[in-house]
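User: I would like to learn how to read the main features of a protein model that comes with a ligand. Can we take them one by one?

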Amino acid sequence: MKILSGKEVAENLKKDLILRIKKLERSPSCVLLLNAQDSSSLHYVKSQMKLASSLGIQCKIIEIDEKNVFYKDEIYRLNEKEDVDGILITRPLCGKIKEKEILEILSPFKDLDAINPFSMGKIFMSDSDFFAPATAEAVILMLEYYKVDMDYKNALVVGRSVSVGKPSAMLLLDKNATVTIAHSHTKSLKTLLKNADIIVAAVGKAEFLDTADMNENAVVIDCGIHYLEDRIVGDVKITKDIQMCSKVPGGVGPITSMLLMKHVVDCYEKKYGR
Ligand code: NAP
């Protein structure tokens, strides 16, 4: 069974990104809006800062919490600020702040994870001028890098979240896969798993899917990441060999992080018409 590494894919993206950044007149810059009460967001943002600095991308953190009644004004200000190219909002947001309200006011031209309704609509219209949410894009890049043909294939996406499941399904459809989306009200998941050539696991439950239920030729991209006491696992448990399965950790995660940085450069280039 081939285990797919995301690090190789991310390194390739990085090389290209460094060349693009060298050609820009100023360093690209992004702002990460952080809910510091969420420890995993804090951890994530720190590693994203490190990555940005290794690429020469300016990266600033602004905390949003319930005490900050001006958080919407902050977003409007960042939307207009010339020297801010991209904005990433970490989720979950803190308690009373409504995700929908925030995502709707975020400029689609600075929305690094393509999560506002305008960006989402562009994905449904297959508009390649706009990028997709980074994890969904990472799924496709991983499949392309390892030369997995999606044309005519039965793809099963397990999960229908706005940031991972739904956009992954749309991007697979654009690659001519025949796509099924499973969720918590899906009957006979095992039958769907058996019939799928490509499986995207975005279920958010540790080792929920088992390769024993899959076709031996299946290719699995595991988006899950779960920190157990003694190890890190994905949404998939490998108990039987299949054709290919992505690594956790070191699979979709590093590609997603690099793509968010690529999106900063994409936003910069688009703003200045490059
Ligand atoms: P999420 O918002 O919790 O969505 C989980 C989805 O799984 C929901 O659509 C849910 O269905 C579905 N589901 C739950 N139980 C199910 C069941 N028994 N059978 C079938 N479907 C079921 O999670 P997410 O944000 O999409 O994230 C998915 C995974 O990707 C998580 O493990 C997360 O940690 C990971 N992730 C990784 C990265 C990365 O960079 N590697 C980035 C983002 C997320 P309903 O809609 O019916 O509730």
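User: Into which domains is the protein chain divided?

Analyst: In this predicted model, the assignment gives domain 1, residues 26-113, and domain 2, residues 134-253. The C-alpha centres of domain 1 and domain 2 are 28 Å apart.

User: Which order do the strands have in the open sheet of three strands?

Analyst: A sheet is read by listing its strands from one edge to the other. Here the order is S3-S2-S4, and the pairing is parallel. Strand S3 (58-63) and strand S4 (86-89) each have a single partner strand, so each has one side without a neighbour in the sheet. Ignoring direction, neighbouring strands of this sheet are turned by 20 degrees against each other on average.

User: Over how many bridges do S2 and S3 pair?

Analyst: Strand S2, residues 29-34, pairs with S3 in the parallel sense over six bridges. To place the register, take Ser-29: its bridge partner in S3 is Gln-58.

User: And which order applies to the open sheet of six strands?

Analyst: That sheet runs S1-S13-S9-S7-S5-S6, with parallel pairing. Its edge strands are S1 (2-4) and S6 (178-182), each of which pairs on one side only. From one strand to the next, the twist averages 15 degrees.

User: Which residues of S9 and S13 are involved, and in what sense do these strands pair?

Analyst: S9 covers residues 219-222 and S13 covers residues 244-246; they pair in the parallel sense over two bridges. Val-220 has Cys-245 of S13 as its bridge partner.

User: What should I look for in backbone geometry?

Analyst: Most peptide bonds are trans, and most residues other than glycine have a negative phi. Exceptions are worth listing. A cis peptide bond links Arg-91 to Pro-92, with omega about 5 degrees. Pro-92 sits in the loop between S4 and helix H4 (99-105). Another cis peptide bond links Val-248 to Pro-249, with omega about -5 degrees, and Pro-249 belongs to the loop between S13 and H9.

User: Which residue other than glycine has a positive phi?

Analyst: Ala-114 is such a residue, with phi near 45 degrees. Ala-114 is found in the loop between H4 and helix H5 (117-124).

User: Now the ligand. Which residues around the ligand come nearest?

Analyst: A ligand site can be read as a shell of residues. There are 21 residues around the ligand, and Arg-160, Ser-161, His-183, Ser-184 and Cys-223 come nearest. By type, the shell divides into eight nonpolar, ten polar and three charged residues. Helix H9, residues 252-271, supplies the largest share of the shell, three residues.

User: Which polar side-chain atoms lie at an oxygen or a nitrogen atom of the ligand?

Analyst: Ser-184 has a polar side-chain atom 2.5 Å from an oxygen atom of the ligand. For Lys-205, a polar side-chain atom is 3.0 Å from a nitrogen atom of the ligand. The backbone takes part as well: a polar backbone atom of His-183 is 3.4 Å from a nitrogen atom of the ligand.

User: How much of the ligand's accessible area does the protein cover?

Analyst: The size of an interface is often expressed as the accessible area lost when the parts come together. On its own, the ligand has 930 Å² of accessible area, and the protein covers 70% of that.

Conventions:
Residues are numbered from 1 along each chain as its sequence is written. This is a predicted model: local features need pLDDT of at least 70, side-chain atom pairs count only at pLDDT 80 or more; totals for chains, interfaces and linings use all residues. Side-chain values use heavy atoms; hydrogens and water are left out. Two strands pair if DSSP finds at least two bridges between them. Helices (H or I, at least four residues) and strands (E, at least two) are DSSP runs, numbered from the N terminus. Axes are lines fitted to C-alpha atoms, for helices over the stretch in contact, and angles run from 0 to 180 degrees between N-to-C directions. A residue is near a molecule or strand if one of its heavy atoms lies within 4 Å of it. A polar contact is a pair of N or O atoms within 3.5 Å; within protein, one must be able to donate a hydrogen and the other to accept it, and residues adjacent in sequence count only if both atoms are side-chain atoms. Accessible areas come from the Shrake-Rupley method with a 1.4 Å probe; for residues, only the protein chains shown count as cover. Ala, Val, Leu, Ile, Met, Phe, Trp, Tyr, Cys and Pro count as nonpolar, Asp, Glu, Lys and Arg as charged, and the others, Gly among them, as polar. Domain bounds come from an automatic or database domain assignment.
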